[in-house]
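Work through the exercises below with the sequence and the structure in view, and try each task before reading its solution.

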Amino acid sequence: MASIDIKTPSERNKLIAAGALGLIALIALYLAFGRSLFGGSTTTATVRSTPTPKPATSAARTNTELPSLDEQTLTYETTPVDCCNGFGAAPDPGRNIFAFYEPPPPTPYSPTPTPTPPPVKPPTPAPTPPVQIAFVNPQTVYAGAQGFRLEVNGDKFTPDAHIYFNQVEMPTTFINSQRMITDVPSNLIAQQGMAQIMVQTPDGKTYSNAYSFSVQPPPKPNVQYIGMITKKRGNNDTAYFIDPTRGANAMPFGARLNDVINGRFRLIDMSASGVLFEDVSLGFRHQVAISKPSAGGGSGGAPNGFQPFDPSRFTPGTIPGIPGNVQVVTPGQPPRRPPTPAQDVDDDDGGPDE
């Protein structure tokens, strides 16, 4: 072996470093591959197949030895394999995928039970008012009439109470605990209907029962105006009417100014379009327009039951509205004269008649 000529200290240091590195490499190879790398004894494994797994050998194995064939077979046979990775689209075992769905038989009809309504509680009766109205005077008035004095009779009236007519407080005169009076103006009875009368204190703590008061429509003339006959200078103008209550047998009748029909309506004005009546008892005035048949004519189209002129309803030779004992002169004919009384043939001899 040739000697190494070391001339300088640096070369000697390099040689020492190379030897140290070689030694470290050998130690690393020994640790990695064991004694087999340096000619030591090795373990020979015999490979053979066995149907049943065998337990691992008791011989100790270093970290560098590979698993035996028996150990590999045991791992292969005992490790479960999941080939589907959670995918469950396959049909369930025992299910026929070609069978059709058959719905269950329908449930027999069963009506929905009607719930029992809760019991109805009887209404609580209203408390009896502390003040009572027994009657009033007058009992009724006509709509459109003048104001009137109202007398309220009852019980438990107090001086501070007032009469209310349709919720309107009236100036009240207290007579005693059973009688009170007030004056009702005409504007509160301008319309027909039912009014309400109450007696109440201003604070509302003391009140009476509600009393119904009737406001009736005023009576009207029950006639139909069909026309008028005027004369020269308006002397004795006559309006003609029909009583609709007589139906088809109604006959026209005439009335002049200031005549009273139906026992209470005075004729105070007339014109071609209507007439004006005044109630002699109440003072109401009523306008009655003229009744005209419709454009189609006939009794069926006449308003208010007015029947047009029918010649067959009158006696020949008479004029409606004119008495039958009045002489009628036909134009072109001389007037009729009463016959001359007959004379005896011996009237000229001056002797007695025979």
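**Exercise 1.** In this predicted model, decide whether Phe213 is buried or exposed.

*Solution.* The relative accessible area of Phe213 is 0%. Buried means under 20% relative accessible area, and therefore Phe213 counts as buried, its value being 0%. Phe148 is buried as well.

**Exercise 2.** Find how many aromatic pairs the model holds, and classify the pair of Phe148 and Phe213.

*Solution.* Ring centres must lie within 6.5 Å for a pair, and by this rule the count comes to five aromatic pairs. For Phe148 and Phe213 the centres are 5.8 Å apart and the planes make an angle of 10°; because planes under 30 degrees apart count as stacked, this pair is stacked. The pair links distant parts of the chain, since Phe148 lies in strand 3 (residues 148-155) and Phe213 in strand 9 (residues 211-216), 65 residues apart.

**Exercise 3.** Classify the pair of Phe165 and Phe213 in the same manner.

*Solution.* Here the centres are 5.9 Å apart, with 70° between the planes; because planes over 60 degrees apart count as edge-to-face, this pair is edge-to-face. Phe165 belongs to strand 4 (residues 162-165) and Phe213 to strand 9, 48 residues apart, so that this pair, too, links distant parts of the chain. Phe165 counts as buried because its relative accessibility is 0%.

**Exercise 4.** State which residues ring pairs link into a cluster.

*Solution.* The cluster is made of Tyr225, Phe241, Phe253 and Phe277.

Methods
Residues are numbered from 1 along each chain as its sequence is written. This is a predicted model: local features need pLDDT of at least 70, side-chain atom pairs count only at pLDDT 80 or more; totals for chains, interfaces and linings use all residues. Side-chain values use heavy atoms; hydrogens and water are left out. Rings of Phe, Tyr and Trp (its six-membered ring) pair if their centres lie within 6.5 Å; planes under 30 degrees apart count as stacked, over 60 as edge-to-face and the rest as tilted. Helices (H or I, at least four residues) and strands (E, at least two) are DSSP runs, numbered from the N terminus. Buried means under 20% relative accessible area, exposed over 50%, partly exposed in between (1.4 Å probe, protein chains only).
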